[in-house]
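Colleague: Could you take a close look at one part of this model for me, and then work outwards from there? I would be glad of a careful walk through the residues involved.

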Amino acid sequence: MALPFALVVTLAMVILASDMGIRTQHLFDLSRKSLRLAESRSLQRKMERILIAINRPGIESLSASERAFRIDQFDVAISFEVMESRINISRLNDLTLGPQIQGLFGALLKRERLEARALPCAMDWVDADDEPRQSGAEKNDYIGEDVAPRNGPFEMVDELSFVRGFRDVSAFDRLRPILTTFGSGRIYLPAAPDELLDLFEDVYGPAVRNNLDDIRRNPARTIQLPAAVLAPQAQQFLQAMLLSAPTTWLVRIRLSAPTFEIQSEYVLTLTDEAGGYNRLVRIA
Amino acid sequence: MNRAGLFRPAAGRRSTGVAPAGFTLIELILSVSLMALLSALLAGLFANCRKTSAAADTAAARLRTEALLRESIQSEVDLSYSSVNFESADERVRGFAIKSYGSFGPHRLKIYSRYLFQPDETAALYQLVRHVVPEGIGVRETKDILMDNIGDPVFEAYSEAAAGFVPLETLPVPPDMVRVRFRWYRNRPLSAGDIPASPFDEIVFFLSNETASASRL
């Protein structure tokens, strides 16, 4: 009789001890995570200060490929992506770049088979008036949806998903990687993806695409499109759209340690003035 | 049967050479009382362990809530692109608002979030409520109750003249650094009279009234 009793007591003690062990481990992990979080913040601050003061050669050397290094107990990975390789939808209404961006954006919407009203609705969203254009949508069309057009430039890409014609989630997810709301609105060709060149082809024809592709392959070449390819006005239009050196980057910083990982994203806008500080905005 | 035991053979009777089977009454009584004593001790130990474990669970849950609150506010301050604004009710500062790049449901947008200490239905305690609305596009705001059972929320700032912390509303201009201090009761007090005597944790966090150093430059 004593043996089963001893067994039961031992088993209960083992269960209790392991349960307490798990709880203690959990509390320990929680406190260690808080400590890592506090340490990572000071490291982030240091990296922000470096980014604010960095110059163009520094960015060019860092942005060649993703860099990974170790600082204290953290593995740090930093990567740069040129924002001027995307269509800047915050410039849809821009006086100089607006028509070109509308052309490329319209071609993208057509390629991704969004509704025909998507572009007019997006234009109505950003223009200052409340008068809808043909097949567009203004304030009155959003009544009952708890949404109203901004009547100003898009501030984040996700805002586009509130606009009529962009409600198809999977189509919107396909658009997202090629859109931005940061940067000058012009395109830096050496960083442009094939998808963007496809859009140039849709708007300006295959000959322009080939020329742009050449420029992309040889970044050192001066951006000059041959006169025979386009009408002078269209060429001027396109020339205004191209950028010889990028000015805005998306910077991703990942800090990881055992049981801990934190990722932050910044938009870095370079100031070429001597002694000037870059503009750095943390977006995630 | 004799007095020596229930099952033991009587003295003087010839032994059969086989060992007697079973226990005597004394042995049984002793073992049962020992078992009862041990069980009582162990039951006390178990009950104590369960209480300790439940207390540890509650403490961990409260720590987690507090850590999440700090993390949520800190991350919004980090992502902010304007300074922290303070909101008053009944001539007392009762909340603050931050404009930041943040999450609104599944979207990443520029958002306007307000953290307010709102009196609950008893009006003796407060709830910390977070209201969020995306900037400029008129989407209906969301409302989350972050903490219940809060008492005496105070916004303070260091005053050199007073050589200590003073309520924010007594200062003419909000300073760069503000201390938010409140009591977080472990259980909801049964009546307003019980509030001061109820156990609580003191929560203190600091709000920097500067935008992130990066965007400031």
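Modeller: A:Arg113 sits in the loop that connects α3 and α4 of chain A, and that loop makes a good starting point in this predicted model. The backbone at A:Arg113 has a positive phi of about 55°, even though the residue is not a glycine. Is A:Arg113 buried or exposed? A:Arg113 counts as exposed because there are 10 other C-beta atoms within 10 Å, and the cut-off for that class is 12 or fewer.

Let us follow the chain into the helix after this loop. Helix α4 of chain A covers residues 118-126, and eight of its nine residues are buried, so the rest of the structure largely encloses this helix. The buried set begins with A:Ala118 and A:Leu119, continues with A:Cys121, A:Ala122, A:Met123 and A:Asp124, and ends with A:Trp125 and A:Val126. What do these buried residues pack against? Their partner is α3 of chain A, residues 98-111, and α3(A) is also the helix on the other side of the loop that holds A:Arg113.

α3(A) has a further helical partner, α6 of chain A, which spans residues 194-204. The two axes are 9 Å apart, and the helices pack at an angle of about 105°. α3(A) and α6(A) are therefore roughly perpendicular to each other. From α3(A), the contact takes A:Gly103, A:Leu104, A:Ala107, A:Leu108 and A:Arg111; from α6(A), it takes A:Leu199, A:Asp202 and A:Val203. Sorted by class, this contact between α3(A) and α6(A) has five nonpolar residues, one polar residue and two charged residues.

Going past α4(A), we come to the loop between α4 and α5 of chain A, where A:Arg133 lies. Which residues does A:Arg133 touch, leaving aside those up to four places away in sequence? A:Arg133 touches A:Pro120, A:Met123 and A:Asp124. A:Met123 and A:Asp124 are among the buried residues of α4(A). A:Arg133 itself is partly exposed because it has 15 other C-beta atoms within 10 Å. For a longer view along the chain, A:Arg133 and A:Leu30 are 103 residues apart in sequence, and their C-alpha atoms are 55 Å apart in space.

A:Asn151 also belongs to the loop between α4 and α5 of chain A, with α5 at residues 169-175. A:Asn151 is not a glycine, yet its phi is positive, at about 55°. A:Asn151 counts as partly exposed because there are 16 C-beta neighbours inside 10 Å.

Now for the sheet of chain A. Five strands form an open sheet in the order β1-β2-β5-β6-β7 of chain A, and their pairing is antiparallel. The edges are β1 (67-71) and β7 (279-282) of chain A, each pairing on one side only. On average, neighbouring strands in this sheet are turned by 25° against each other, with direction ignored. Helix α2 of chain A, residues 56-63, packs on the sheet and touches β1, β2 (74-82) and β5 of chain A. The direction of α2(A) makes about 110° with that of β2(A). Within the sheet, β5 (248-257) and β6 (260-269) of chain A run antiparallel and are joined by 10 bridges. One pairing to look for is A:Leu250 with A:Val267, its bridge partner in β6(A).

The edge strand β7 leads us to the other chain. The contact between the chains takes 29 residues from chain A and 27 residues from chain B. On the side of chain A, the elements that give two or more residues are α1 (2-53) and β7. α1(A) gives the most to this side, with 12 residues. By class, the side of chain A that touches chain B has 16 nonpolar, four polar and nine charged residues.

Finally, a word on confidence. The model scores ipTM 0.76 and pTM 0.76. Chain B has an average pLDDT of 83, and 86% of its residues score at least 70. Where in chain B is confidence lowest, and where is it highest? Helix α2 of chain B, residues 213-216, is lowest with a mean of 38, while strand β4 of chain B, residues 126-134, is highest at 94. The pLDDT is below 50 over residues 1-7 of chain B, a stretch with nine contacts in the model beyond near neighbours in sequence. Over residues 211-217 of chain B, pLDDT stays under 50, and the model has 19 contacts there beyond four places in sequence.

Notes
Residues numbered from 1 in each chain as written. Chains lettered and ligands numbered in written order. Predicted model: local features only at pLDDT ≥ 70, side-chain atom pairs only at ≥ 80, totals over all residues. Pairing = 2+ DSSP bridges. Helix = DSSP H or I, 4+ residues; strand = E, 2+ residues; numbered from the N terminus. Axes fitted to C-alpha atoms, helices over the stretch in contact; angles between N-to-C directions. Contact = placed C-beta atoms within 7 Å. Buried ≥ 20, exposed ≤ 12 C-beta atoms within 10 Å, placed from the backbone. Nonpolar A, V, L, I, M, F, W, Y, C, P; charged D, E, K, R; others polar. Parallel < 35°, antiparallel > 145°, perpendicular 65-115°, else oblique. pLDDT = per-residue confidence, 0-100.
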